[in-house]
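The following exercises are to be worked with the sequence and the coordinates at hand. Each task is followed by a solution in steps.

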Amino acid sequence: MTSKLLSIDSVHFSYGALQVLRHLDLEVERDEFVSLVGPSGCGKTTLLSLISGHHKPGRGEVRRRGSMRMVYQIDSLLPWLTAAENISLGLRALSDRKQRCQRVNEMLLLTNLAGFSDHFPHQLSGGMRRRVELARVLAGETDLLLMDEPFSGLDYLTRHGLKTELERLLALKPRTVLLVTHDIEDAVYLSDRVIVLSNRPATIKYEMRLQLERPRRPADPLLLEAKERILSHLDLQEPGPLASIAVGQRAGSLV
Amino acid sequence: MKKKYVLAPAVALSILSLWLALSALHIFPEAAFPSPQKVASGFQSELQTRQFYSDVAASLFRVASGFSLAVLLSIPTGLWLGHCPRARVALLPTINFFRSLSPLAWIPFAILWFGIGDPPAIFLIFTATFFPLVLATVAAVANIPSVYFKVAREYGLEGLKVLAQISFPASLPQIITAIRVAGGVAWLVVVAAEMIAGRDGLGFAIWDARNGLRADLLVCRMITIGVIGATLDLLLLQLTRMRRVRWGYDQ
């Protein structure tokens, strides 16, 4: 049994005449946190749709093992269910009612939503709704989590709170995560590996492994270096002097 | 909030005073424009007859039967059509045809097929409300964000469970709005049905008052129909207060 949970083998994909992905190879290990960054409209969300099975690749192969859940770019909580009931949806595999109730309460506690179990999504703030979504995907046993811009549309403090919460939850219960984001700060803060996609038709342009201790500090100079290096590969700014990047410095390294 | 309790009665009182003034001036003949006093005394005697209550009961029974039948059958039909493109292509034009057909056009056939009394009225109420409710349900299903179905799939919901646990609750707020509209239509139709195909009920009572040249009773019965219709809508409005549909109206 290999530890590869997901492997994408020279995948091509087009919407009609519009080629979106070309020759894309990617393998994700169990419990690895991988971020995909790239210019807007380059096909990041399309790649997630291929992985989730909502689209089929034109050429190549997507192999996924185990179960998969997704955090969507848009609100996907069911509005007619309370926060607790939405989370409970993530625990449908548990047939024992009492056990399920207990797990829901655990998740509510973990996501700081204890007093809000009977609130409906429209009675919660944007940040709280995102936390319920995280609780729902993280409740129960899922092998692969796909996250499509899960922090978009939130203010800086809420984003930061959610990121630390996600990190904490994953530390308690490791999962394989594939995060699509346009925010490089989110990517370097959370990931074991960041993948930079090129402009459409997208292919992998650059890959960076981040073996830094957790919890990370957003102001860590190594993170800032990593961010700068990724930015340089996104053609957004002039490449900085790469020689100054410290490899293997302190507890972590950028490879 | 408080204005509601002042403004609405003020309007009603103004209409009443206008009516009082017009009838005091004897601009119109008494037989065609009864005075409020005469209507009030007519109401008093009306409320003491057994016929009045049995008319109200007959009309309410017909609306309740025809309309509940339409609601119960139209929602599953609409949900099914909403999910089955082939059935939609096949059936929607026909449903649209019947929706556009005035229920009053059915009256002759209703009498030929069902005679006089409850059955023709129930049939007419059903035909008047079933088709619009089906179309409203189909439209509500079409408006459900596709992400809910993706979530359903990821969390292992399949087949009828998707219909019961996703499509139905997701379209319920819109369906309830359609039910309110259709409820109003049902109350309109029962009066017309009873006027022609009835021997009792409020619609028949209207016709009866006209035949007896009792304009005062005619107004009594019109007021009764209006008050009951408004009350029915108020009752149906309570459906929108349910916890699980509030999200559909609060935005």
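**Exercise 1: a central strand of chain A**

Met70(A) stands opposite Leu146(A) in β6(A). The model is predicted: local features need pLDDT of at least 70, side-chain atom pairs count only at pLDDT 80 or more, and totals for chains, interfaces and linings use all residues. Residues are numbered from 1 along each chain as its sequence is written, while chains are lettered from A and ligands numbered from 1 in the order in which they are written.

Task. Determine which strands pair with β6(A), and in which sense.

Solution.
Step 1. Strands, like helices, are DSSP runs numbered from the N terminus (helices: H or I, at least four residues; strands: E, at least two). Two strands pair if DSSP finds at least two bridges between them.
Step 2. Strand β5 of chain A, residues 68-71, is joined to β6(A) by four bridges in the parallel sense.
Step 3. Strand β7 of chain A, residues 176-180, also pairs with β6(A) in the parallel sense, here over five bridges. Within this pairing, Leu144(A) has Thr176(A) of β7(A) as its bridge partner.
Step 4. Helix α5 of chain A, residues 156-172, completes a right-handed β-α-β unit with β6(A) and β7(A). A crossover is right-handed if, with the strands pointing away from the viewer, the path from the first strand over the helix to the second runs clockwise.

Task. Establish how many residues of strand β6 (residues 144-148) of chain A are buried.

Solution.
Step 1. A residue is buried if 20 or more other C-beta atoms lie within 10 Å of its own, exposed if 12 or fewer, and partly exposed in between, with C-beta atoms placed from the backbone.
Step 2. By this criterion, five of the five residues of β6(A) are buried.
Step 3. Leu144(A), Leu146(A) and Asp148(A) are on one side of β6(A), and Leu145(A) and Met147(A) are on the other; both faces are covered.

**Exercise 2: the antiparallel sheet of chain A**

Task. Describe the strand order of the sheet that contains β1(A), and state what lies across this sheet.

Solution.
Step 1. The order is β2-β1-β4 in chain A, an open sheet of three strands with antiparallel pairing. Its edge strands, each pairing on one side only, are β2 (18-29) and β4 (59-64) of chain A.
Step 2. Neighbouring strands are turned by 15° against each other on average, direction ignored. Axes are lines fitted to C-alpha atoms, for helices over the stretch in contact, and angles run from 0 to 180 degrees between N-to-C directions.
Step 3. Strand β1 (residues 4-15) of chain A is joined to β2(A) by eight bridges. Lys4(A) stands opposite Glu29(A) in β2(A), and Phe13(A) has Leu21(A) as its bridge partner.
Step 4. β1(A) and β2(A) form a hairpin with two residues between them, and Gly16(A) in the turn has a positive phi of about 60°.
Step 5. Helix α1 (residues 44-52) of chain A lies across β1, β2 and β4 of chain A and runs at about 120° to β1(A).

**Exercise 3: the two chains as wholes**

Task. Which secondary-structure elements does each chain have?

Solution.
Step 1. Chain A has seven helices and ten strands.
Step 2. Chain B has eleven helices and zero strands.

Task. Why does the radius of gyration of chain A agree with that of a compact globule?

Solution.
Step 1. The radius of gyration is taken over C-alpha atoms, and the globule rule is 2.2 Å times the number of residues to the power 0.38.
Step 2. For 255 residues a compact globule would have a value near 18 Å; chain A has 19 Å, which agrees.
Step 3. The C-alpha trace of chain A spans about 55 × 45 × 40 Å along its principal axes. For chain B, the corresponding box is roughly 75 × 50 × 30 Å.
Step 4. Buried residues make up 38% of the 255 residues in chain A; of the 251 residues of chain B, 34% count as buried.

**Exercise 4: chain B against chain A**

Task. Identify the elements of chain B that touch chain A.

Solution.
Step 1. Two residues are in contact if their C-beta atoms, placed from the backbone, lie within 7 Å. In this sense, 14 residues of chain B are in contact with 16 residues of chain A.
Step 2. The elements of chain B that give two or more residues to this side are α7 (146-154), α8 (160-197) and α11 (247-250). α7(B) gives the most, with five residues.
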